[in-house]
Every structure is written in structure tokens, then in C-alpha cells.
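Let's take a look at a protein together with its ligand, and then at its aromatic rings. Here is the structure to keep open while you read.

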Amino acid sequence: MNEFGGNWTENKIEILVEYAFAYLTIMNNFRFLKTIYYDGFAGSGFIQEKSKLDNKKVFGAAKRIVEIEKPIPFNLYYFVEKDLENFESLKDVLKEHQNTKEIYVVHEDCNVKIKKLSNFLKKPENKNYRVLSYIDPCGMQLRWDSIASLKGLGVDLWVLVPTGLGVNRLLKKNGDISDAWLNRLEVFLGMDRNEIKDFFYQKSSQVSLFGNEIYDKINDPVNRSAELYSSRLKEIFKFVSEPYILKNSTNSIMFHFFMGSNNPTAARIANDIIKKYNQKNG
Ligand SMILES: C[S@@+](CC[C@H](N)C(=O)[O-])C[C@H]1O[C@@H](n2cnc3c(N)ncnc32)[C@H](O)[C@@H]1O
């Protein structure tokens with residue numbers, strides 16, 4: 001079972017479901033288009049709130065989306081989950097719908113499958129497919145080149161970015177970051193280490209005891225990493241929403257949740273929903 005911290009987990013799902021309703025309402029007017037719901041980090045089918053002492057299981061996004069009937073359901077559902085136990089659990093959660101809906105649950109790495117999705121959508125015979133994608137990792141597992149493979153395609157992508165919980169934790173205060181961490185940042189941001197260092201660090205006016213240059217981390221690195229990710233997304237999608245900001249109980253930012261699309265109406269709808277939920281959080 002996936003464990004989460006607070007009501008932002010449920011808000012994230014509510015945002016997605018609200019968007020899916022709006023998406024399907026529009027798609028209802030374009031019935032010649034085939035819709036795919038693509039969940040790259042699909043989970044076990046359940047979320048669990050730590051605060052709930054009764055250990056009650058709460059269904060995750062997958063079941064909520066599959067159970068949408070009105071205005072119309074999606075034509076096809078594709079769930080990717082890398083962890084075997086979660087994969088088996090999700091299959092079980094969705095099995096009651098297997099006979100009535102076209103549902104695929106696959107045990108794979110999302111990065112492998114996103115590229116296959118991209119290849120599928122690029123085929124001329126598949127030009128009528130449109131995809132609503134939900135990418136909800138708990139860490140930095142999503143490779144930048146996976147997202148980049150979706151450029152120019154009919155995909156609306158909701159993506160959870162671990163700005164506070166991921167990127168910022170790898171950015172050491174003095175810039176002395178290990179090779180392994182720099183590699184992770186490079187793969188995640190699709191930038192080379194010099195570009196990353198230039199963005200997040202500035203040369204200090206001081207020098208070290210032995211005359212080496214010292215680097216200082218920029219102010220507000222979590223929000224700056226969200227700005228950076230947003231600008232990277234804008235290289236792939238024509239429109240990128242403002243983020244929904246997910247904070248922990250001590251008010252520290254953990255994630256930013258963005259939507260990217262090539263359709264201006266999609267971005268407007270996403271922004272309206274996000275604004276509402278950010279205001280709810282205060
Ligand atoms: C935050 S949970 C997803 C929760 C789900 N979206 C929901 O609402 O119920 C993230 C899931 O991604 C899976 N995961 C981690 N790395 C992955 C990868 N590279 N490819 C696919 N799934 C992965 C984890 O096993 C975990 O179940």
C-alpha cells in the first residue's frame with residue numbers, strides 16, 4: 001500500500017478527477033477521437049492516510065478514473081506499475097471492470113512505457129488517439145527524456161515534481177554534490193551538470209582556506225526548481241499550468257503538481273482547478 005502524509009494526497013486525486021470530467025465533457029463532442037487514460041506510476045490501487053488510526057484503506061486515482069461513466073468513459077485505460085506487489089494489488093482492484101472496459105495493467109518501468117506510448121501516437125493510423133496522462137511518482141524516477149518523447153503529441157500530462165523532497169535534497173549547500181547525485185539531477189532535469197550548477201549556485205565572494213572558490217546555493221531553491229521544471233515543460237508543451245503546491249504539516253513544500261498540454265483550453269481549465277485547490281490550502 002502507498003503511504004502518504006496529508007489531505008494533499010486526496011486533493012491531488014480530486015484535481016485529477018475534476019480535470020478528467022472536464023476533459024471527457026469536451027471529448028464527448030469529438031466522438032471520432034479515441035481517448036486513453038495513461039497512468040505511469042499507478043500504485044497499488046489504494047492510498048493510506050497515516051493520520052487515520054483505523055488503518056482504513058482509501059482507493060487511489062486508478063479506481064476513481066475507471067469508474068467515471070458520465071459524460072463518457074475513456075476508450076482505453078493503461079496502468080504501469082513497477083513494483084510487483086503493487087501491480088498485483090492494482091490488478092485485483094480493477095478486476096471487476098475488466099469485462100466491461102478495455103484496461104491494461106502492466107508490470108514495467110514507466111520510462112520504458114512512455115517511449116512506447118510516444119511511438120504508438122506517432123503512427124499515422126493512431127492520429128485520432130488523445131491521451132490524458134497522470135504521472136505520480138514518489139521520488140525522482142521520471143526521466144526527462146521520457147517527457148521529452150511526448151513533444152508535439154495529443155497528450156495532456158499531469159506530473160508531480162518532487163521539488164522539495166527530491167531536487168532540493170540533492171543540492172548540497174556548498175555545491176559539493178557527489179557524482180551519483182549529479183547524475184540523478186541530470187537524468188531528471190535533462191540538463192548537464194554545469195547548467196544545473198549555474199542555475200542553482202552562485203560564486204561566493206569568499207574563498208576557502210586553500211584559495212578554492214566557494215559556491216552558495218541560491219535563495220528559495222525549492223520554488224526556483226519549480227520554475228526551472230516549468231520552463232523545461234514549456235519546451236515540450238505549448239501550455240503549462242501554474243502548479244498545485246503540496247506542503248507537509250510543517251508547511252514545507254514537498255512537491256509541485258503541473259499540467260502540460262498543447263491545447264490552450266486544457267491549460268485554462270487546469271489553472272482554474274489548481275487555483276481553487278491552492279486557495280483551499282491557504
Ligand atoms: C505515489 S505512488 C502512486 C499512487 C497512485 N497514483 C494513486 O493515486 O493511487 C507511486 C508508485 O509508482 C511506483 N513506481 C516507482 N517507480 C516506478 C517506475 N519507474 N515505473 C513505474 N512505477 C514506478 C511505485 O511502486 C508506487 O506504487
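## Polar contacts with the ligand

Start with the backbone: an N or O atom in the main chain of alanine 61 sits 3.1 Å from a ligand oxygen atom. Bear in mind that this is a predicted model. Glutamate 81 joins in through its side chain, where an N or O atom is 2.6 Å from an oxygen atom of the ligand. Aspartate 109 deals with a nitrogen atom of the ligand instead, with a polar side-chain atom 3.1 Å away. As for cover, the ligand on its own would expose 610 Å², and the protein buries 93% of that.

## The shell around it

How many residues surround the ligand? There are 20, and the closest are Phe41, Glu81, Asn86, Cys110 and Asp136. Sorted by character, the shell comes out as 8 nonpolar, 6 polar and 6 charged residues.

## Rings with rings

Aromatic pairs number 17 in this structure. Take phenylalanine 30 and phenylalanine 32: their ring centres are 6.3 Å apart and their planes meet at 75°, so this pair is edge-to-face. Phenylalanine 30 has 35% relative accessibility, so it counts as partly exposed, while phenylalanine 32, at 53%, counts as exposed.

Ring pairs also tie a cluster together, and its members are Tyr19, Tyr23, Tyr37, Phe74, Tyr77, Phe79, Tyr134, Trp158 and Phe257.

## Lysines over rings

Two lysines are worth a click. Lysine 57 lies over the face of phenylalanine 46, 4.4 Å from the ring centre. Lysine 63 lies over the face of phenylalanine 59, with 4.8 Å to the ring centre.

Key. Residues are numbered from 1 along each chain as its sequence is written. This is a predicted model: local features need pLDDT of at least 70, side-chain atom pairs count only at pLDDT 80 or more; totals for chains, interfaces and linings use all residues. Side-chain values use heavy atoms; hydrogens and water are left out. A residue is near a molecule or strand if one of its heavy atoms lies within 4 Å of it. A polar contact is a pair of N or O atoms within 3.5 Å; within protein, one must be able to donate a hydrogen and the other to accept it, and residues adjacent in sequence count only if both atoms are side-chain atoms. Accessible areas come from the Shrake-Rupley method with a 1.4 Å probe; for residues, only the protein chains shown count as cover. Ala, Val, Leu, Ile, Met, Phe, Trp, Tyr, Cys and Pro count as nonpolar, Asp, Glu, Lys and Arg as charged, and the others, Gly among them, as polar. Rings of Phe, Tyr and Trp (its six-membered ring) pair if their centres lie within 6.5 Å; planes under 30 degrees apart count as stacked, over 60 as edge-to-face and the rest as tilted. Buried means under 20% relative accessible area, exposed over 50%, partly exposed in between (1.4 Å probe, protein chains only). A charge sits over a ring if NZ of Lys or CZ of Arg is within 6 Å of the ring centre and within 35 degrees of the ring normal.
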